[in-house]
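Open your viewer, switch to a cartoon view and keep the sequence panel at hand. We will walk through the chain step by step, selecting as we go.

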Amino acid sequence: MAQASKNSRTSSATQKFFCSCGGEVKMKTIFENGKVKNQAECEKCKRVERRPSDFK
């Protein structure tokens with residue numbers, strides 16, 4: 001009987017982050033000056049931070 005790998009048995013749930021204004025935080029990838037930057041931006045108030053946990 002075939003066994004499933006340990007990684008395939010874990011559930012992968014995406015976590016949603018919310019800003020203090022009540023808007024949802026989305027990650028955006030920006031390419032500028034030859035570098036790729038990831039930024040978290042609130043959809044409602046357009047506040048930009050480096051990562052979603054900075055919105056607390």
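**Starting at the sheet's first pairing**

Select residues 24-32, which make up strand β2, and then add β1: the two strands run antiparallel and are joined by 2 bridges. Pick F17 and look across to V25, its bridge partner in β2. Between these strands lies a hairpin connection of 5 residues, where G22 takes a positive phi near 105 degrees.

**Stepping back**

Before going on, zoom out to the whole chain. This is a predicted model. Coloured by secondary structure, the chain shows 1 helix and 4 strands, and from the N terminus the order of elements is α-β-β-β-β. The 4 strands form an open sheet in the order β1-β2-β3-β4, with antiparallel pairing. At its edges you will find β1 (17-18) and β4 (48-49), each of which pairs on one side only. As a general reminder, strands of a sheet pair through backbone hydrogen bonds, so a backbone view is handy for this part of the tour.

**The middle of the sheet**

Now select β2 and β3 together. How many bridges hold this antiparallel pair? There are 8 bridges between β2 and β3. Go to E32 and find K35, its bridge partner in β3. The hairpin here has 2 residues between the strands, and N33 sits in that loop between β2 and β3.

Stay on N33 for a moment. Its phi is positive, at about 55 degrees, although N33 is not a glycine. Is this residue buried or exposed? Show the surface: N33 is exposed, with a relative accessible area of 76%.

**On to the last strand**

Select residues 35-42 for β3 and add β4; this antiparallel pair has 2 bridges. Click on E41 and look for V48, its bridge partner in β4.

Next, move to K46 in the loop between β3 and β4. K46 is another residue other than glycine with a positive phi, here near 60 degrees. With a relative accessible area of 53%, K46 is exposed.

**The whole chain once more**

Finish with the surface of the entire chain. Its accessible surface comes to about 5000 Å², and 49% of that belongs to carbon and sulfur atoms. Of the 56 residues, 14% count as buried. If you display contacts between residues at least 6 apart in sequence, 18% of them join residues at least 24 apart.

Note on methods. Residues are numbered from 1 along each chain as its sequence is written. This is a predicted model: local features need pLDDT of at least 70, side-chain atom pairs count only at pLDDT 80 or more; totals for chains, interfaces and linings use all residues. Side-chain values use heavy atoms; hydrogens and water are left out. Two strands pair if DSSP finds at least two bridges between them. Buried means under 20% relative accessible area, exposed over 50%, partly exposed in between (1.4 Å probe, protein chains only). Contact means heavy atoms within 4.5 Å. Accessible areas come from the Shrake-Rupley method with a 1.4 Å probe; for residues, only the protein chains shown count as cover.
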